[in-house]
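Visitor: I would like a close look at one part of this protein, its salt bridges. Could you take me through them?

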Amino acid sequence: MNKFFMLLAGMGLWGGLLYGQAAFTLSGVVADDNNTPLTGASVLLFPVAKGTVTDVKGHFLVADLPRGHYSVEISFVGFATLRDTLTLASNRIYNVRLKPSLVSLQEVVVTDHYAETRKREESLNIEVVNHDYLKQNLGGSLMKSLERLPGVTTLDIGSGQSKPVIRGLGFNRVVVLENNIKHEAQQWGADHGLEIDQYAVDNVEVLKGPASLMVGSDAIGGVIDIKNRMLPAENTFGATVDLTGKSNNDFAGASLSLYGRKGRFYANFRATLIDYGDYKVPTDSVDIYSYRAALYQNHLRNTAGSERDLHLTLGMFDEGFQSKLFISSVRSKSGFFANAHGLEPRNVDTALYDASSRDIHFPWQSVHHFKVSNSTQVRRKAITLSADFGLQRNFRQEWSQYVSHGYMPAVFPDSLPFDPDLERQFDKDVFSGNVRLSHQASKKMVITAGISSELHDNRIEGRGFIVPAYRQWSAGGFALVKYSFTGKRMLQAGIRYDYGRLKVESYSDWFPTPVIVNGDTSMVYLERAGSLNRHFSSLTWSVGYTHQQGNWSYRANVGRSFRMPIAKELAANGVNYHHFSYEVGNPGLAPEVSYQLDAGAEFSGKQIAMGFTPFVNYFSNYIYLNPTSEHDRLYGNGNQVFRYTQSEVFRIGAEIHAHYQIINSVQLGVVGEWVSSRQLTGEKKGFSLPFSPPASAVFNVKYQLPKLKLIENGYVSVDVRFTAPQNDIVPPEETTGGYQAINLSLGGDFKFGSRTIDLSFQVQNLFNTQYFNHTSYYRLINVPEPGRNVVVNISIPFSGQIKE
């Protein structure tokens, strides 16, 4: 807690370093080719990240701008985005005319208006959030920060490890893109969070529903598309300091971003440091197996961790050309809950683990994710060529004290090439490439075609086994046509073919096990996974339609998507300590095939906005872990055996959202989600799917503070989340009760002279409510969600000019 308050004190000291400059205004009118004013056009300035929208007369005004060079971007639905640079040395009038365009370029900085544009262009349901949203809803990880979006939940284990779930589908059914490259690590593990620095994220698009057409296999459930688009103004440099403190686990985070641009070249560097202790839950004990473990001062012992991240972006651009190089290194170390990771709960040395809430003891994991990627785009008249290439290395180690199970030797032999306490090691290299060609064939038609390919090489080490070493290669090609009947109606249709090959290496135990055959006993190194060579291919397609009529917009999409089985589903054979199970793969699994119908209707008026987005989904062969009556006696403490199997599954669900502006400063809102699944064949016919999220709704009241002398864009917001009980389960799952939780947030832009800093303040779980999350793996041992958490985040920008 001392670090938390020290961080808050440090935030105040930064304010004293801010200096003043003269302030000017930029105003003007945005119109079309016929000089008709455009109402609601988005105007955004960088590097100050200030913006506004035009009024009914097309007029805009941005105030309190210091002298300097700026990049301006002006966008409106159905028109090409205008990008320009300008120098501000006095109050200036800047009038522009936008030209019509069939499809808005996606290289636009995300604003609320851009979000509206993307929703109108995309026939699948999509959510778009910007950097401000992420700061105001800062969670323990990037995925927790997105959990407030309808249809988005997380699978959690610990305070900083969470996996994205879209409409009840997660793991390898959701693709995470970062700067157009698939983020590839060990997605199969519930304890394997995303190795992405959320401070480095500018904006996120969440595509809900099958997106295999554009992305390929694994996007059967949806896409989390992470973008970093900020382009500094010409001949400028600057910095941003982000500081974060959280009370629940004494979290202290700091991130420094440096940027600069000279002519056609620019660069951005970011360094992030994070340190946190054991997080607290609103209970003094938890049930583990048949043992009730006491918690010292409500701390979930050994869940502390740290993170060290570095990012570098280099870019150049010219008329019709841009290229960006991204380099990132994300390192983390975090502990596993000591009472629930392969240790006998009664044997945990509580005096050692409870001596400090910041120490990390066995068991723990370390991860280093290194990534290099390049995105290049060339425009020539009606043709745009885009190419993305990436190299990633994910190196993960899991450490725990050696304990003999089954026929393991009591003393670990020194002849083996790995440390006895190295439980598991995964070393994965990934090479990726995408090339797309887009041709505007006419004013009404755009044709896009592309190819993509990936190569995975995964190596393993350590005394434990669950997933074998493997090599995987996949490639695919697609074609997509967008046709605009008018500026308000669009039809899109596409087709894709994918081919993949997965080669699994055999694995045998490092210790012998006695085997009796015909009355004779022999010592055998048991084979846990046999060699395997599988080929997969599939044809997928999608047809979508969007229609804009007055204040209403409609969309519909129907398509077929598929997913290759992963190595774990085909060849697993080991203990999953985080699922408290022994998992066995099925080498005969077929690829998943899904058919889905998505629809949506949204209304946007002056005072009210609302939307309804239902979907229907059918899997002909859904892959899942099926619990059996067997128990493992060789490699653990009698964990129940789960075997991978397939069945037909029918899913249906919907999201809703509504916002009502009572007066200019007060807004009411609600977002809700519901999904239901039913197995149509197999041993669990008639049951739902494991870890299905329950229905939930968030009611929100937001008050926009009037502009004050020292505060702009001030707000106070209250969220009340209602989550229904989850009684629709798959044995041996247990039902989970419903709950209500309240979150409070407030913040704004605070002015110091002509300098502005952004401050946001949250109180999560305001009343320290004890509740359980049905989609958390800790639910299996009755660990409730974190207790009250006070979060403070401050962002301090600095900028200057480069003399020509």
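Visitor: To begin with one pair, are Asp 498 and Arg 496 buried or exposed?

Guide: Happy to help, and please keep in mind that this is a predicted model. Asp 498 is buried, and Arg 496 is buried as well. Their side chains come together in a salt bridge, with 2.7 Å from N to O. Beyond this pair, there is also a network: Arg 393, Asp 427, Asp 429, Asp 457, Arg 459 and Arg 471 are joined into one by salt bridges that share partners. Across the whole structure, a search turns up 31 salt bridges.

Two further pairs deserve your attention. In one of them, the side chains of Lys 371 and Glu 178 form a salt bridge of 2.6 Å, N to O. This contact ties together distant parts of the chain, since Lys 371 belongs to strand S24 (residues 364–380) and Glu 178 to strand S13 (residues 174–178), with their positions 193 residues apart. How do these two partners stand in terms of burial? Lys 371 has a relative accessible area of 4%, so it counts as buried, the cut-off being under 20%. Glu 178 is also classed as buried, because its relative accessibility is 9%.

The other pair is Glu 195 and Arg 396, whose closest N and O atoms are 2.9 Å apart in their salt bridge. Here too the link spans distant parts of the chain, 201 residues apart: Glu 195 sits in the loop between strand S14 (181–182) and strand S15 (203–208), while Arg 396 lies in strand S25 (residues 383–399). Both Glu 195 and Arg 396 are buried.

To place these pairs in the chain, it helps to know the domain assignment, which gives domain 1 (2–98) and domain 2 (114–801). The C-alpha centres of the two domains are 33 Å apart.

If you then turn to the start of the chain, you can find an open sheet of 4 strands with antiparallel pairing, in the order S3-S2-S5-S6. Strand S3 (50–53) and strand S6 (82–88) are its edges, each pairing on one side only. On average, and ignoring direction, neighbouring strands in this sheet are turned by 20° against each other. Strand S5 (residues 68–75) runs antiparallel to S6 and is joined to it by 7 bridges. For a single contact to look up there, try His 69, whose bridge partner in S6 is Thr 87.

How values were computed. Residues numbered from 1 in each chain as written. Predicted model: local features only at pLDDT ≥ 70, side-chain atom pairs only at ≥ 80, totals over all residues. Heavy atoms only, no water. Domains from an automatic or database assignment. Pairing = 2+ DSSP bridges. Helix = DSSP H or I, 4+ residues; strand = E, 2+ residues; numbered from the N terminus. Axes fitted to C-alpha atoms, helices over the stretch in contact; angles between N-to-C directions. Salt bridge = Lys/Arg side-chain N within 4 Å of Asp/Glu carboxyl O. Buried < 20%, exposed > 50% of the residue type's maximum accessible area, 1.4 Å probe, protein only.
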